[in-house]
Amino acid sequence: MQPLLEVRSLRTHFELGDGVVKAVDGVSLTVPRGRTLAVVGESGCGKSVTARSILRLVEKPARIVGGEILLYDDDAGASGAEPLDLLAAKDKRLRQVRWADIAMVFQEPMASLSLVHTIGDQIVEAVRLHENVGKQAARERAIEMLDRVGIPDPKRRVDSYPFELSGGMRQRAMIAMALSCRPRLLIADEPTTALDVTTQAQILDLLQDLQQELGMAIMLITHDLGVAAQVADEVAVMYLGEVVEQGPASAVLRKPKHPYTQALVRSVPRLGQSQQDRLVAVRGTVPPPYERPSGCRFHPRCDAFMAGKCDTTVPARVRSDEIDVACLLYGEEQS
């Protein structure tokens, strides 16, 4: 598959008074055109910081200290055009990319939407910033998008404020705003968090329908492997600021390679599971930010730990079957 977005060795650090927190420390991943990449992992593994770093939305004390974020044109393969490195782009060019090429649905709409402006005004502003259209045409686009994401009576709701909408409707309004300029890539940062199961299913179905209609790629950030299995074509597993495994969703979730991914898959409840059967939790917890393990970062929690190897050697990502995995178990096979 032709890549739309390629992240190479991205590093985003938080420079705090007690030291440096390496929230993203060498993330490399690829988002294929028109496909869905699910980024999964426990809380605190750097998923949201990675998403914000792609659009350079991190604020002090965070700072992007290295890497490349390459955005490819639709006709790059035919024309041979060089990709745009978002980390090297000037502010004016970056503002053109935001929302027009890459849009983002944030985790909590109430923290992302302005409470003193109507939903319609916020969508109109996004449209007029990127397209040469009048205010009335932009308003009609806002109504159209609200209708497309399933908000009832969009001609009235376009003049509503965020606090007048339910959680599910605010999330739909956020999606409408993100899609108002028809981006090529939608980054959805846990778009179903804090929503009930029915609304969650509706939001996921909505994203899939809009993806097919608009032909866009989706980078879905989630901690729910069930959601990833339902909607994703590819899965990238993050742990402590790096991607430890990436490959087709069917391969990663059915036959995971990395011990961390295996532990995550074992911890998912299964249909028909006996009430007496206890869930198999991932052993241990994510280490504190200032106590990052040496060698493989997962080795203190790993059932396949090899003393003298895993605690001293940083594993490189290697290809095993269809999957890229960073684990010494497969590095030895390749050598």
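User: In this predicted model, is Leu-240 buried or exposed?
Analyst: Leu-240 lies in the loop that runs between strand S9 (234-239) and strand S10 (242-248). A residue counts as buried when its relative accessible area is under 20%. Leu-240 has a relative accessible area of 6%, so this loop residue is buried.

User: What sign does the phi of Leu-240 have, and about how many degrees is it?
Analyst: Most residues other than glycine have a negative phi. Leu-240 departs from that pattern although it is not a glycine, since its phi is positive, at about 50 degrees.

User: How many bridges join S9 to S10, the strands on either side of that loop?
Analyst: The two strands run antiparallel. One facing pair is formed by Tyr-239 and Glu-242, the latter in S10. Counting the bridges that join S9 to S10 gives six.

User: Which strands form the edges of the open sheet that includes S9 and S10?
Analyst: The open sheet has eight strands with mixed pairing, in the order S6-S7-S8-S3-S9-S10-S12-S11. An edge strand pairs on one side only, and this holds for strand S6 (102-105) and strand S11 (317-320). From one strand to the next the twist averages 20 degrees. The edges of the sheet are therefore S6 and S11.

User: Which class of exposure does Ser-9 fall into?
Analyst: Ser-9 is found in strand S1 (residues 3-16), and it has a positive phi of about 50 degrees although it is not a glycine. Values between 20% and 50% relative accessible area count as partly exposed. Because the relative accessibility of Ser-9 is 39%, its class is partly exposed.

User: Why is helix H1 described as largely enclosed by the rest of the structure?
Analyst: The buried residues of H1 are Lys-47, Val-49, Thr-50, Ala-51, Ser-53 and Ile-54. Helix H1 covers residues 47-54, eight in total, and it is largely enclosed because the number of them that are buried is six.

User: Which peptide bond in the loop after H1 is cis?
Analyst: Just after H1, Arg-56 takes a positive phi of about 55 degrees. Further along, Pro-61 lies in the loop between H1 and strand S4 (62-71). Most peptide bonds are trans. Here, with omega near 10 degrees, the cis bond is the one from Lys-60 to Pro-61.

User: Which helix gives the most residues to the lining of the second largest cavity?
Analyst: This cavity, with a volume of about 50 Å³, is lined by Thr-36, Leu-204, Leu-207, Gln-208, Ile-218, Leu-220 and Val-231. Helix H9 (197-214) and strand S8 (217-221) each supply at least two of these residues. The element that gives the most, with three residues, is H9.

User: How many charged residues are in the lining of the largest cavity?
Analyst: The structure holds three cavities of 30 Å³ or more, and about 100 Å³ of space lies in the largest. Its lining has 13 residues, with Pro-259, Cys-296, Cys-302, Cys-310 and Cys-327 nearest the centre. Eleven of the lining residues are nonpolar and two are polar, while the number of charged ones is none.

User: Which element has the lowest mean pLDDT?
Analyst: The chain averages a pLDDT of 88, and 94% of the residues score at least 70. Among the elements, strand S3 (residues 36-40) has the highest mean, 96, whereas the lowest, 48, belongs to helix H2 (residues 76-79).

How values were computed. Residues numbered from 1 in each chain as written. Predicted model: local features only at pLDDT ≥ 70, side-chain atom pairs only at ≥ 80, totals over all residues. Heavy atoms only, no water. 1 Å grid on protein atoms, 1.4 Å probe; cavity = no way out; pocket = protein on both sides within 12 Å on 5 of 7 lines; lining within 4 Å. Points joined across faces, edges and corners; volume = space filled by probe spheres on them. Nonpolar A, V, L, I, M, F, W, Y, C, P; charged D, E, K, R; others polar. Helix = DSSP H or I, 4+ residues; strand = E, 2+ residues; numbered from the N terminus. Buried < 20%, exposed > 50% of the residue type's maximum accessible area, 1.4 Å probe, protein only. pLDDT = per-residue confidence, 0-100. Axes fitted to C-alpha atoms, helices over the stretch in contact; angles between N-to-C directions.
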